[in-house]
Amino acid sequence: MEIPHTGCVSLVPIFNHLEPEQLAEIEKVTFNKRLLKGEYLYLPEEKSDSLYILNSGLIRIYHLNEGGKEQLIRFMHSGEFVGEMALFQANAHDSFAQAVQDTSICVLQRQDLQELLALYPNISLKIMEEFSRRLQRSEKQTTLVSTEKVETRVAIFLAELMEKDNKFSEIQLPMSKKDLASYLGTTPETLSRTITIFERKKLIQKISNKKLRILDLDELLMI
């Protein structure tokens, strides 16, 4: 069911630079869509004609390879968006977008988006900035998976989490081991073995299933 939106456009970098009255205009053509855990926002080959903004909850976006194995692309968190290609042309989705938990999505349809671009050209610049950031992340991830051994991939990922969390030694894994293994191009079993090796070498300490403490970052990055 779609209901009038109550204010998530201001969360998004492509809109949050606008004046309050301009944001109010966008909200007039924005609707809210709710998904239960496990439901899909879209599937491959479905028509892509809307911009989706995550208000609350969590969405995982993934492909299936030729063997039918999932390949995680990214997680979509509050304030992030997907479907921006609908701004430029009508096409079909090429991935799965599934709610990891109960989720609220803000929806802007293609025709309304194009009218907004005509009114506020700066939105296009913000979208291009986001394209550039995503391309950099994608290229970095592709290089990491194709050129580095599993231990190095895991070590770099943990180090980046530590940096993201203001360099505190305790870090929270942002996804399940299954999804993390998919993201790093390995298997859950290999990922578990790698973390166990790091523990035995006293490079990390396992606090809980999703929380780790980095004990020796320098040595970890020498793996």
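A salt bridge is a side-chain nitrogen of Lys or Arg within 4 Å of a carboxyl oxygen of Asp or Glu. With that rule in hand, please open the structure, which is a predicted model, and follow the stops below.

**The whole chain**

Begin with the protein in cartoon view. Its secondary structure comprises 7 helices and 14 strands. Colour the chain by accessibility next: of its 223 residues, 39% count as buried. The accessible surface amounts to about 12,500 Å², and carbon and sulfur atoms account for 51% of that area. As for contacts between residues at least 6 apart in sequence, 70% of them join residues at least 24 apart.

**First selection: Glu80 and Arg74**

The count of salt bridges in this model comes to 4. Select Glu80 and Arg74, one of these pairs, and display their side chains; the closest N and O atoms are 3.9 Å apart. That distance falls within the 4 Å limit, so the pair qualifies as a salt bridge. Is each partner buried or partly exposed? Glu80 has 31% relative accessibility and is therefore partly exposed, whereas Arg74 is buried, with a relative accessible area of 17%.

**Second selection: Arg60, Glu70 and Asp179**

Move now to Arg60, Glu70 and Asp179, which are joined into one network by salt bridges that share partners. Start from Arg60 and Glu70, whose side chains meet in a salt bridge at 2.8 Å, N to O. Glu70 belongs to strand β7 (residues 70-76) and Arg60 to strand β6 (residues 59-64), so that the bridge links parts of the chain 10 residues apart. 

Then add Asp179. Its side chain also meets that of Arg60 in a salt bridge, here at 3.1 Å, N to O. Because Asp179 lies in helix α5 and Arg60 in strand β6, this pair ties together parts that are 119 residues apart in sequence.

Which members of the network are buried, and which is partly exposed? Arg60 is buried, with a relative accessible area of 10%. Asp179 also counts as buried, at 9% relative accessibility. Glu70, with a relative accessible area of 23%, is partly exposed.

**Third selection: the aromatic rings**

Hide the charged side chains and display the rings. The model holds 4 aromatic pairs. Select Phe157 and Tyr183: the ring centres are 6.0 Å apart and the planes stand at 65°, so the pair is edge-to-face. This pair links distant parts of the chain, with Phe157 in helix α4 (residues 150-164) and Tyr183 in helix α5 (residues 177-183), 26 residues apart. Phe157 counts as buried at 9% relative accessibility, while Tyr183, at 21%, counts as partly exposed.

Next, select Tyr40, Tyr62 and Phe96 together; these residues form one aromatic cluster.

**Last selection: Glu25**

Finally, select Glu25, which lies in helix α1 (residues 20-28). Glu25 counts as partly exposed, at 36% relative accessibility. What does Glu25 touch, if residues up to four places away in sequence are not counted? Its contacts are Leu119 and Tyr120. To close the tour, draw a distance between the C-alpha atoms of Glu25 and Leu116: the separation is 8.9 Å, although these residues are 91 residues apart along the chain.

Definitions and conventions
Residues are numbered from 1 along each chain as its sequence is written. This is a predicted model: local features need pLDDT of at least 70, side-chain atom pairs count only at pLDDT 80 or more; totals for chains, interfaces and linings use all residues. Side-chain values use heavy atoms; hydrogens and water are left out. Helices (H or I, at least four residues) and strands (E, at least two) are DSSP runs, numbered from the N terminus. Buried means under 20% relative accessible area, exposed over 50%, partly exposed in between (1.4 Å probe, protein chains only). Contact means heavy atoms within 4.5 Å. Accessible areas come from the Shrake-Rupley method with a 1.4 Å probe; for residues, only the protein chains shown count as cover. Rings of Phe, Tyr and Trp (its six-membered ring) pair if their centres lie within 6.5 Å; planes under 30 degrees apart count as stacked, over 60 as edge-to-face and the rest as tilted.
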